Amino acid sequence: MSTHISAAPGQIAPRVLMPGDPLRAKYIGEKFLTDPVCINEIRGMYGCTGEYKGQKITVMASGMGTPSIMIYMTELCRDYGAKKFVRIGTCGAVRESLKPGDLILSTATSTTSGINLYDLPGSFAPAADFALARTAWEQAEKAGLKLEAGTTLCNDHFYVEDKPAYSRRWEKWGILASEQEGVGLYSVAAREGVQALMLLTVVANLYHPEEHVLTPQERERGLDRMIQLGLDTLALS
């Protein structure tokens, strides 16, 4: 076991699906995996391992924020030998044309976080693994899913003043959406020499927060599409 994960040796698969919410991790294990076995509940951060389309896959919650996902990813890599990660999460649209329910493939992430202040002679650019991104794109096409691909923003601040004005400043630079874990995902992957990809579902429009609110049923269907795409990507990689 590691500092924050109680799994025994051999209980973590090389392929890991990472939702933020521990209850969503439990839901995924119960609904999508064959014979899921709980491998972690320390700090309520649920994780399980089972089979999906013939591949052993671990579903491990990351919690909220960059520091949290970096802790769990680092331990999964160093202590358990995990090699491929797909984060599935929710986001707020920064591009005004995006609507709740839309799916996004994050090719790279900008950030307001200072977590990557390593001893480098410049700024590190955290980006997705191309092979995983290509697989996800191909699987989305086969499933008839519309998938927006582009750069996203990993924001340390959930509550900001004047969100529309704040969002437009990022939209001018091509940013699609804002979330809170991507820079940790892609940075740990680069540092540890593993593969990572982030898939997102838009749940809010930052320009019109009072409009286009997803019903619980719409949110579940939308997230299930993303979950399925993430699992298919891992199983075929």
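How many salt bridges does a search of the whole structure find? Good morning, colleagues. The search finds 11 salt bridges, and I shall begin with several of them. Please bear in mind throughout that this is a predicted model.

Let me start with a pair that joins distant parts of the chain. The side chains of R87 and E179 meet in a salt bridge, with N and O 3.0 Å apart. R87 belongs to strand β5, residues 84-93, while E179 belongs to strand β8, residues 177-179, and the two positions lie 92 residues apart in sequence numbering. Are these two partners buried or exposed? Both R87 and E179 are buried.

A second salt bridge is formed by the side chains of K146 and E148, at 3.9 Å from N to O. Here the two partners fall into separate classes. K146 has a relative accessible area of 60% and is therefore exposed. E148 stands at 22% relative accessibility and so counts as partly exposed.

The third example involves neighbours in the sequence. R191 and E192 form a salt bridge whose closest N and O atoms are 3.0 Å apart. E192 is partly exposed, at a relative accessible area of 23%, and R191 is likewise partly exposed, at 39%. Which residues are linked in a network of salt bridges here? The network comprises R78, R191 and E192.

These last two residues bring us to helix α5, which runs over residues 182-192. Why may we call this helix largely enclosed by the rest of the structure? The reason is that 8 of its 11 residues are buried. The buried residues are G182, V183, G184, L185, Y186, S187, V188 and A189. The elements that cover them include helix α2, residues 66-80, together with β5, β6, β7, β8 and β9. Strands β5 and β8 are thus among the covering elements, and they are also the strands that hold R87 and E179 respectively. Just after α5, G193 adopts a positive phi of about 70 degrees.

I turn now to the pockets. The largest pocket holds about 660 Å³ of space. Its lining consists of 31 residues, and those nearest its centre are T90, C91, G92, F158 and Q180. The elements that each contribute two or more residues to this lining are β5, α4, β8 and β9. Which of the elements gives the most to the lining? Strand β5 does, with 6 residues. As to chemical character, the lining has 13 nonpolar, 11 polar and 7 charged residues.

The second largest pocket has a volume of about 200 Å³. It is lined by 15 residues, and T111, S113, N116, S123 and F124 lie nearest its centre. In this case strand β6, residues 103-111, gives the most to the lining, with 3 residues. Its lining contains 7 nonpolar and 8 polar residues, but no charged residues.

Strand β6 deserves one further remark, concerning S110, which is placed in this strand. S110 has a relative accessible area of 28% and is therefore partly exposed. Leaving aside residues up to four places away in sequence, S110 touches T152, L153, C154, W170 and I175. Of these contacts, T152, L153 and C154 fall within the numbering of strand β7, residues 147-154. The C-alpha atoms of S110 and F124 are separated by 10.0 Å, the two residues being 14 apart along the chain. F124, as I mentioned, is one of the residues nearest the centre of the second largest pocket.

My final topic is the aromatic residues. How many aromatic pairs does a search of the whole structure find? There are 2 aromatic pairs. In the pair of Y27 and F32, the ring centres are 6.4 Å apart and the planes meet at 80 degrees, so the arrangement is edge-to-face. Y27 is partly exposed, at 27% relative accessibility, whereas F32 is buried, at 13%.

The other pair consists of F158 and Y159, with ring centres 4.8 Å apart and planes at 80 degrees, so this pair is edge-to-face as well. F158 has a relative accessible area of 48% and is partly exposed, while Y159 reaches 73% and is exposed. F158 also appeared earlier, among the residues nearest the centre of the largest pocket.

To close, I would recall strand β5. This strand holds R87, a partner of E179, gives the most residues to the lining of the largest pocket, and is included in what covers the buried residues of α5. Thank you for your attention.

Key. Residues numbered from 1 in each chain as written. Heavy atoms only, no water. Salt bridge = Lys/Arg side-chain N within 4 Å of Asp/Glu carboxyl O. Helix = DSSP H or I, 4+ residues; strand = E, 2+ residues; numbered from the N terminus. Buried < 20%, exposed > 50% of the residue type's maximum accessible area, 1.4 Å probe, protein only. 1 Å grid on protein atoms, 1.4 Å probe; cavity = no way out; pocket = protein on both sides within 12 Å on 5 of 7 lines; lining within 4 Å. Points joined across faces, edges and corners; volume = space filled by probe spheres on them. Nonpolar A, V, L, I, M, F, W, Y, C, P; charged D, E, K, R; others polar. Phe/Tyr/Trp six-rings, centres within 6.5 Å; stacked < 30°, edge-to-face > 60°. Contact = heavy atoms within 4.5 Å.
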